[in-house]
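Student: I would like to learn how to read the aromatic rings in a protein model. Could you take me through them step by step?

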Amino acid sequence: MNLPDYKHAKSRGKEQVKKESYIYNDSYSTLGLNKTYHVKTYGCQMNEHDSENIKAMLEQLGFTEEDNYLKADLVLLNTCSIRENAHNKAFGMLGRLKHLKETKPDLLVGVCGCMAQEEGVAKELVTKFKWVNFVFGTHNLDQLPVILSRVLEEKTKELEIEVLSEEGNLIENIPVKRANKFRAFVNIIYGCDKFCTYCIVPYTRGKERSRAKEDILTEVESLVKEGYQEVTLLGQNVNAYGKDLPGSYYMENLLEDVAKTGIPRVYFMTSHPWDFTDNMVNVIAKFPNIMPSIHLPVQSGSNRILKLMGRRYTKEDYLTLFYKIKEKIPRVTISTDIIVGFPGETDEDFENTVDLVNECKFDNAFTFIFSKREGTPAAKMVDNISLDIKNQRLYRLNKIVNNYFLENNKKLEGQTVSVLVEGIRANKLGLYGYTDTKKLINIDSLDKDLIGKIISVEVTKAKTWSLDGKKVRD
């Protein structure tokens, strides 16, 4: 049994990150024969991509995917620790699985992901959820076949928990079962060294460690050959790419080389404003297949709160970068993250955030009430703001940002936009897709042959959260 250790998890040594290759043992290939699995994913795109790796490994073991968890022989929760809401959802699901296991005693239940890397959660699983079969963390995802072999072959009823607290290594060549046939996630950097005071990610994901450019480009080039239309470069802080590697090859260099592979659409996320360089802006502006859609979390418009958050930039720094991006990249849309009710946030601090939003008029914003994360510095700060006030601030902020979403969308009415068609709408009355600026658009067409293709669509109507459009004839 290995449990996570925050003291060790936050250490940052100078040792070179080890690059290793995923090793598959053929003797495991029948572990899941005639068995089904269901993976439930919570949280960010990194978790979604981890689940793509998990599914591929499970299918190497002989398991078959089952969409309904009630019918599965193995249920694995890939969890998120970024906010309390994600915690509650995962624990709620565990409660349902406990009842299910009472009627299906042979059901295997596993927990992995960022929650598994939390000290408190791991201890709670050991003491209150002993019926769970196995737990592993973010640093040993590649060991899933080994862990499952122990669970299945030893047939022990004791919880198998293997959560490593380390800075992290790089494991290449883990198999992947992509959820989509025309857009793909590609990890370029793991971990984070920023240690924002509210954030648990540096503890659960380890230190920043960049993949070799050769491995990234080889993966993207293979996606191009397979006909993929879009790639999203992923990392907790993609802009820090290359800073941990020898030489002078950074995010702007990688973006340029990925663009030169010829893949039609390139996105990246998530960015930290502190690492967003002028060279990055210039490269994005230069290549038409690097999409004019940037997620740039600001978190607060108050310099005092930004300092307490450990964000390492001021409101003025952010606005300078914001306008530089707007000036140099035609048609760019910028989305953001904002936290309200951070410990000690005054009415004046909140008004500074409102002022920033009114100035930037973001195309999208993900807004949240501060969520205390055990083990972070912010968790120890005095939080004297009532939940009622926090809710009032969030409600007001959402009303403001929603107005700007609609205002920005209305500017597109009558324009022709480039759209990657994703599929058939839930109501079966047409197709849907996303513009190059990542706006959802409903298309007045039932031509299934368009799915997976990039087409021209005229915007006929703008709504707060989406657009309506019709296909433009070739």
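**Reading the aromatic rings**

Tutor: Keep in mind that this is a predicted model. Let us begin with one ring-bearing residue, Trp465, which has 56% relative accessibility and therefore counts as exposed, because the cut-off for that word is over 50%.

Student: Which residue has a ring that pairs with that of Trp465, and what is the geometry of the pair?

Tutor: The partner is Phe405, whose ring centre is 5.2 Å from that of Trp465, and since the planes stand at 65 degrees, the pair is edge-to-face; planes over 60 degrees apart are given that name. Phe405 itself is buried, with a relative accessible area of 2%.

Student: Where in the chain do Phe405 and Trp465 lie?

Tutor: Phe405 belongs to helix H13 (residues 387-410), whereas Trp465 is in the loop between strand S20 (454-462) and strand S21 (467-471), so that the pair links distant parts of the chain, 60 residues apart.

Student: How many aromatic pairs are found in the whole structure?

Tutor: A search of the whole structure gives 14 aromatic pairs. One of them joins Phe195 and Tyr203, edge-to-face, at 5.5 Å centre to centre with 85 degrees between the planes. Here Phe195 is partly exposed at 24% relative accessibility, while Tyr203 is buried at 7%.

Student: Which residues form one aromatic cluster?

Tutor: The cluster is made up of Tyr313, Tyr318, Phe322, Tyr323 and Phe362.

Student: Which charged residue sits over the ring of Tyr267?

Tutor: That residue is Lys438, whose charged end is 4.6 Å from the centre of the Tyr267 ring. Lys40, in turn, lies over the face of Tyr42, at 5.9 Å from the ring centre.

Methods
Residues are numbered from 1 along each chain as its sequence is written. This is a predicted model: local features need pLDDT of at least 70, side-chain atom pairs count only at pLDDT 80 or more; totals for chains, interfaces and linings use all residues. Side-chain values use heavy atoms; hydrogens and water are left out. Rings of Phe, Tyr and Trp (its six-membered ring) pair if their centres lie within 6.5 Å; planes under 30 degrees apart count as stacked, over 60 as edge-to-face and the rest as tilted. Buried means under 20% relative accessible area, exposed over 50%, partly exposed in between (1.4 Å probe, protein chains only). Helices (H or I, at least four residues) and strands (E, at least two) are DSSP runs, numbered from the N terminus. A charge sits over a ring if NZ of Lys or CZ of Arg is within 6 Å of the ring centre and within 35 degrees of the ring normal.
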